[in-house]
Each structure stands twice: as C-alpha cells, then as structure tokens.
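Reader: I would like to learn how to read a ligand site, a single residue and a strand in a model of this kind. Could you take me through them in turn?

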Amino acid sequence: MNKILNTFYKILLVGAVVVATLPIKAQNPVVQTCFTADPAPMVYNGTVYLYTSHDADSTANNFFTMYDWRCYSSKDMVNWTDHGAVASLKNFAWMNKTNGAWAPQCIERNGKFYLYVPIHGEGISVLVSDSPTGPFTDPIGKRLIDSDHIWQDIDPTVAIDGEGQAWLYWGNPGLWYVRLNEDMISYDRSIGRNGIVSIEMTPESFGSKTGRDGKPGTTYTEGPWFYKRNNLYYMIYAAEGIPEYISYSTANSPEGPWAYKGQIMKRTDHLAFTNHAGVIDFKGNSYIFYHDQALSINQGFKRSVSVEQFSYNADGSIPLITPTKEGVTKSVANLDPYQEVEAETIAWSEGLKTAGNSQEGVYVTNIESGDYLQVRSVDFGKGAKTFEASVASASQGGKIEIRRNNPNGELLGTIDVKNTGGWLNWTTVKSNIKKINGIHDICFVFKGGEGELFNFDWWKLKK
Ligand code: FUB
C-alpha cells in the first residue's frame with residue numbers, strides 16, 4: 001500500500017515544500033497507516049474510541065477482504081492513537097469463516113465493553129471486554145442474532161435509551177431490531193418473531209426510490225447508525241447505491257415510527273461505492289465519521305475513515321455535510337508531551353505502518369528515509385530541554401529530526417538511532433531540543449540510508 005500512497009503523498013509533499021512555514025492542514029482520512037472502513041465512534045471517559053473494520057492491503061477475489069476489527073482513540077479529535085486489531089474472526093471458535101469481518105459497533109455498560117460484529121454470511125455476534133481496547137472474548141460461543149436471514153444480518157448498531165433499555169438495530173436491505181437484555185448478550189424473545197422485530201419499510205419512513213426491478217422501494221440500504229439526542233431518535237444510514245449516499249430518519253420512540261428527513265452526505269467523486277456513517281457529540285461539538293477511497297485512489301475495497309465537524313439545526317435536523325480533505329483541523333485538547341506519548345499517536349503520516357496490539361504494545365514500523373509523522377497541538381509549556389524516544393533497530397539505524405509544524409519546518413533537534421540488536425530490542429535515545437514555548441504542531445522526520453531504519457515505540461519531552 002505504501003508505494004501507492006507515496007505517489008499520493010508526494011503531491012502533498014510538494015505542497016508542503018511550497019508552504020514550508022505553514023502547518024499541514026489535511027486531516028482526512030483519519031488513519032494513513034492502513035485501510036479502515038465502517039467507522040463506529042464511541043465516547044467514553046473523555047476519549048473517543050473509533051472502532052473500524054479493516055480492508056486488507058491485498059484484495060482477494062475482487063471483493064471485501066476483511067479479517068479483523070481495529071480501534072483508534074483520541075482526546076483531541078486530531079491526534080489518533082492506534083490500538084491495533086482489537087478483535088478478529090479468530091475470536092469465534094464456533095465458525096470457520098476466514099473473511100467477512102464487516103461493520104462493528106462497541107458500547108459500554110456497567111464497566112464492560114460489548115463489541116457487536118457482523119461476519120458476512122454468519123450473522124451478528126457479540127464480544128465482551130473489561131477495556132475498550134480489548135482483549136475481547138466470545139461470551140456465548142454462538143451467533144447472537146438467531147434469525148433465518150443471516151446473509152442480511154450485517155451492520156449492527158446499538159444504543160441505550162433514557163430508561164436503560166438497549167436496542168440493537170441492523171440489516172441490509174431490511175431493518176430489524178431486538179431489545180437486548182441487561183446482560184447485553186441475549187435479547188427479549190417475547191416480541192416480534194422470536195424476539196426480532198422487522199421495521200416496515202415505507203417511503204414516509206425511509207424515502208422512496210424505484211428498485212432495479214422497476215418496483216417502488218425505499219432509499220434505505222445498510223449501515224444504520226442509531227442514537228438518541230435531545231429526546232429524538234436518529235437513524236442514519238447508507239442509502240440507494242451504488243454509489244451510496246447518507247440519509248437519515250427520526251422517531252419519537254426507539255421503535256419508530258420513523259420519518260424520512262433526507263440526505264446528509266451526497267455522493268461525490270472521492271467517496272467509495274459504499275458509505276457508512278457514525279455520529280457523536282464530543283466536548284461540545286458534533287462529528288460525523290464516514291468512509292471514502294482517498295488513500296487507495298479510487299479502490300472501493302480499500303477504504304479510509306474520514307470525519308467532519310457539523311452543527312445540528314435548532315430543530316434537531318442535520319444539515320447537508322460536505323466531505324472535505326481538511327476534516328477536523330481544530331483540536332479540542334492539547335497533547336501533554338511530558339508524559340510518554342505512544343509513537344502511534346498520529347495526526348498525519350507518510351509511508352509508515354503500525355504493528356502489534358494494545359495488549360503486547362503497538363509501535364510504528366516500516367520507517368524509511370523521508371517518511372514522517374505529525375503530532376498536533378503539542379503543549380510545550382515553558383519549553384523542554386530534552387527529547388527522549390524508545391526505538392529498536394536490526395539495521396543501520398538512522399535519525400529522527402524533530403521539526404516545527406511540518407516536515408520542512410524549523411529544526412528543533414535531531415536524535416541518532418543506532419542498531420540495537422533487533423527490531424524489538426527497545427532502547428531509549430536522547431537529545432537536546434531547542435527551547436520553544438506554547439502550543440505547536442511537530443513533525444518527526446526520519447532520515448537514513450536504504451531500507452527500513454528502525455521501529456519507534458514512544459517519545460517524551462523533559463524540562
Ligand atoms: O464493509 C463491508 C460492508 O460495506 C459494510 O458492512 C457495509 O456497511 C458497507 O460499508
């Protein structure tokens with residue numbers, strides 16, 4: 001993937017050279033180190049956890065090639081920490097699918113985290129963890145949704161209403177729900193058909209379209225995102241297709257009836273043939289996550305999650321939102337560089353990959369000369385004297401240049417990395433850093449000879 005990306009980023013880099021003293025403005029897509037799709041943001045404890053599906057670098061059989069689910073987190077909406085793959089198809093010992101890890105959603109209840117996942121062709125299942133970043137385990141050893149239409153059982157979305165009732169919606173091209181029991185891993189079998197309620201799809205509820213068979217239908221296709229805000233229930237979804245756009249409906253009750261409200265993100269050129277939205281409020285702002293194909297240059301099975309900030313209208317309606325390259329440029333918190341900062345906390349990067357998971361540790365890898373990563377809104381306070389980094393190298397090593405704002409910005413310091421005897425043989429290296437105070441974006445620019453230089457685990461400043 002990186003070599004394709006390099007061409008894309010070279011265009012950005014040329015731009016960066018021209019505006020060497022300006023910060024990099026592009027924040028979309030959110031993740032540049034791999035392909036991500038089907039965003040499912042969760043706000044918990046002052047942090048946004050962004051769960052995604054994951055399009056593999058190598059597409060098999062010209063179809064979705066998806067093995068695991070990933071998680072990223074942010075306290076500021078511009079720097080995202082990579083927690084790696086937090087669950088995968090291997091979590092489900094009872095089935096033997098090797099592809100089909102589609103759109104997830106995670107929710108917290110009573111200190112436990114429930115990750116609802118579809119496995120294409122195997123219906124919807126649930127995993128549970130004590131931590132938002134896993135490890136997740138399978139609490140029931142079978143699929144959760146016991147339906148007779150498992151191929152249509154994709155894209156679970158879950159919310160807990162004001163009375164503490166959890167509702168799980170899902171489906172393509174139908175829309176179904178269950179009332180989850182308090183344990184979040186079973187549901188009330190007394191309603192609908194063995195607990196599953198099928199939503200009536202009417203033009204009043206989901207807009208009208210003429211189907212490929214010439215028959216009237218609704219615009220609803222897939223990717224529902226269900227939530228409550230100010231006493232109104234929202235159902236955001238991918239509509240029509242292909243390509244899909246994003247529409248929404250609202251209701252006064254979690255069970256409907258739903259009223260169609262129109263489009264909120266139109267089809268545009270750099271979007272993929274699918275789209276899939278997740279919406280949150282965080283630190284007083286509203287954000288919509290979606291996916292596009294910007295990193296893969298128009299390959300619909302290699303998608304990337306992007307995000308836009310938006311404002312609800314006074315009546316609770318959602319305006320039409322334009323997907324942008326800039327994304328969210330305003331951070332809602334500053335980053336403290338005097339604590340260890342994971343190297344995989346990235347606002348923007350070029351040429352890099354990450355490896356590992358949050359249990360064993362995630363680190364930045366695939367570092368070659370000229371690659372860089374940017375971290376935004378770093379609060380230097382009254383200034384630092386020293387920069388420290390944890391690195392490992394089985395090759396000749398290289399250098400980390402610490403630059404202000406962008407890869408060509410003012411040089412604040414340089415750190416030498418030597419061979420440490422192994423790619424996971426971590427050592428802490430140090431250098432002096434020029435004293436600057438206040439809040440700045442910084443770039444780590446990696447320099448050296450041919451091939452991979454070193455791995456990078458964390459960094460920090462010292463006063
Ligand atoms: O990512 C696989 C599928 O594509 C999802 O389940 C749908 O929502 C669409 O995004």
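Author: What follows treats the ligand, then one glutamate, then one strand, and the model throughout is a predicted one.

Reader: Which residues surround the ligand, and how many of them fall into each class?

Author: One begins by listing the shell and then sorting it by class. Here the ligand is surrounded by Asp 38, Phe 64, Met 66, Trp 102, Ala 103, Asp 155, Glu 222, Thr 274, His 276, His 291 and Arg 303, a shell that comprises four nonpolar, three polar and four charged residues.

Reader: What is the distance from an oxygen atom of the ligand to an N or O atom in the side chain of Asp 38?

Author: That distance is 2.5 Å for Asp 38, and an oxygen atom of the ligand likewise lies 2.5 Å from an N or O atom in the side chain of Asp 155. For Arg 303, a polar side-chain atom is found 2.8 Å from an oxygen atom of the ligand. As for cover, the ligand taken alone exposes 280 Å², of which the protein buries 99%.

Reader: Turning to the single residue, is Glu 388 buried or exposed, and what is it in contact with?

Author: The cut-off for buried is under 20% relative accessible area, and because Glu 388 has a relative accessibility of 6%, this residue counts as buried. Glu 388 belongs to strand E27, residues 386-392, and, apart from neighbours within four places in sequence, is in contact with Thr 428, Val 429, Lys 430, Trp 458, Trp 459, Lys 460 and Lys 462. With Lys 462 there is a polar contact of 3.1 Å between the side chains. Glu 388 and Asn 432, 44 residues apart in sequence, have their C-alpha atoms 8.9 Å apart in space.

Reader: How should I read the two faces of strand E16?

Author: In a regular strand, side chains alternate between the two faces of the sheet. In E16 both faces are covered, with Tyr 245, Ser 247, Ser 249 and Ala 251 buried on one side and Ile 246, Tyr 248 and Thr 250 buried on the other.

Reader: Which strands pair with E16?

Author: Strand E15, residues 232-239, runs antiparallel to E16 and is joined to it by seven bridges, with Tyr 234 standing opposite Thr 250. These two strands form a hairpin with five residues between them, and Glu 240 in the turn has a positive phi of about 45 degrees. Strand E17, residues 259-265, also pairs with E16 in the antiparallel sense, over five bridges, and there Gly 262 is the bridge partner of Tyr 248.

Note on methods: Residues are numbered from 1 along each chain as its sequence is written. This is a predicted model: local features need pLDDT of at least 70, side-chain atom pairs count only at pLDDT 80 or more; totals for chains, interfaces and linings use all residues. Side-chain values use heavy atoms; hydrogens and water are left out. A residue is near a molecule or strand if one of its heavy atoms lies within 4 Å of it. A polar contact is a pair of N or O atoms within 3.5 Å; within protein, one must be able to donate a hydrogen and the other to accept it, and residues adjacent in sequence count only if both atoms are side-chain atoms. Accessible areas come from the Shrake-Rupley method with a 1.4 Å probe; for residues, only the protein chains shown count as cover. Ala, Val, Leu, Ile, Met, Phe, Trp, Tyr, Cys and Pro count as nonpolar, Asp, Glu, Lys and Arg as charged, and the others, Gly among them, as polar. Helices (H or I, at least four residues) and strands (E, at least two) are DSSP runs, numbered from the N terminus. Buried means under 20% relative accessible area, exposed over 50%, partly exposed in between (1.4 Å probe, protein chains only). Contact means heavy atoms within 4.5 Å. Two strands pair if DSSP finds at least two bridges between them.
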